[in-house]
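User: I'd love a close look at one part of this model. Could you walk me through it?
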Amino acid sequence: MGWGETRRQLADAWKWSELHTAAATAALQVPVFWLIAWLTTINDDDYGSGINALAGAVLLLVLVLLPFLTTLYAALFTMPTLVIARVAARRLRGPEWLWQLGAVILVSVCWVLVMAGWSASVPALLGATGMLTAFALLPLLAVAYARRRARIKGRAWGFFGVWLRSAAATFGLCVLIVGGAIAATFAGLLKEYEPPTLSAEQLTGVWHGDGGAVLNLRAGGRVEFTDLPLEDPDGWESVRCDGTGTWTVDRGDAYAGEGPEERDGVVVRLDGGCGEQTYWTIGGTEHDPELFVLFGDPDAGDLRILKKK
């Protein structure tokens, strides 16, 4: 078989109607997956970073660009998979769906290596490959359905037809998911995160963090700390310090309006040398409590967490 026949097969394997079908199906998945991911993390602590609000803004931007982004995705990912599988099935025989499975894994590995580079760890590469492969399955199934329908009906879906179907399916699925979430909320199965209310006795003890940070909250109000991250008075970054001081529980009024009043926390007043005082907000759960502080920009700051041991 010469190059001319191979080129003809490649041209026959790439169909523009299938490109639009794959793009519209990929677009259907994005808001649905995002909504599911958001609902599964609604009970997680965002540590005052404003991630939920930021995620909403990012989603709106993605929705505006979604047709362009998913068309680019289909051109660079789905269609190469289909072309490889069809040419291989014609030349080497065998079921096309089996070649598609092998081709989608191959294309996924190639794009993961392009995006992550060879320095990424093997588990990270395997995880990213699995995610890309899973995301590609529904568009491939949609293309297979569209091809079978075109053979029966004698014509393929047009550009507007496939995108209108995608929009209607996306809206319907999102309504079902939101309705299920509302029902789960009323049933008490889905709750927003609420930080624990800890007594002074529960807070008393030794708290450990990354880099060897230790915060020892003693009974009676004294505190000792080692390598404790504190805000640099000359900038946004944090510095580490050893020393002693006193501590009190803040229920919203002990910090003179300077702390996050909607959350309980611990005010640590320092005995000089490291600054005046620092505020550690209470997070985690009652059974697995945390103390945390966020230095710098709330949306992309330096988060430090202490856990009690």
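Which residue in E2 stands opposite His208?

Analyst: Happy to! The model is predicted, so local features need pLDDT of at least 70 and side-chain atom pairs pLDDT 80 or more, while totals for chains, interfaces and linings use all residues. Residues are numbered from 1 along each chain as its sequence is written, and side-chain values use heavy atoms, leaving out hydrogens and water.

The partner of His208 is Val214 in E2. Strand E1 (residues 205–209) runs antiparallel to strand E2 (residues 214–217), and four bridges join them; strands are DSSP runs of E, at least two residues, and helices runs of H or I, at least four, numbered from the N terminus. Two strands pair if DSSP finds at least two bridges between them. E1 and E2 begin a closed barrel of eight strands, E1-E2-E3-E4-E5-E6-E7-E8, with antiparallel pairing. On average, neighbouring strands of this sheet are turned by 35 degrees against each other, direction ignored (axes are lines fitted to C-alpha atoms, for helices over the stretch in contact, with angles from 0 to 180 degrees between N-to-C directions).

Turning to the helices, H5 (residues 122–153) holds Thr129. Thr129 is buried, at a relative accessible area of 11% (buried is under 20%, exposed over 50%, partly exposed in between, with a 1.4 Å probe and protein chains only). Leaving aside neighbours within four places in sequence, Thr129 is in contact (heavy atoms within 4.5 Å) with Ile105, Ser108, Val109 and Val112.
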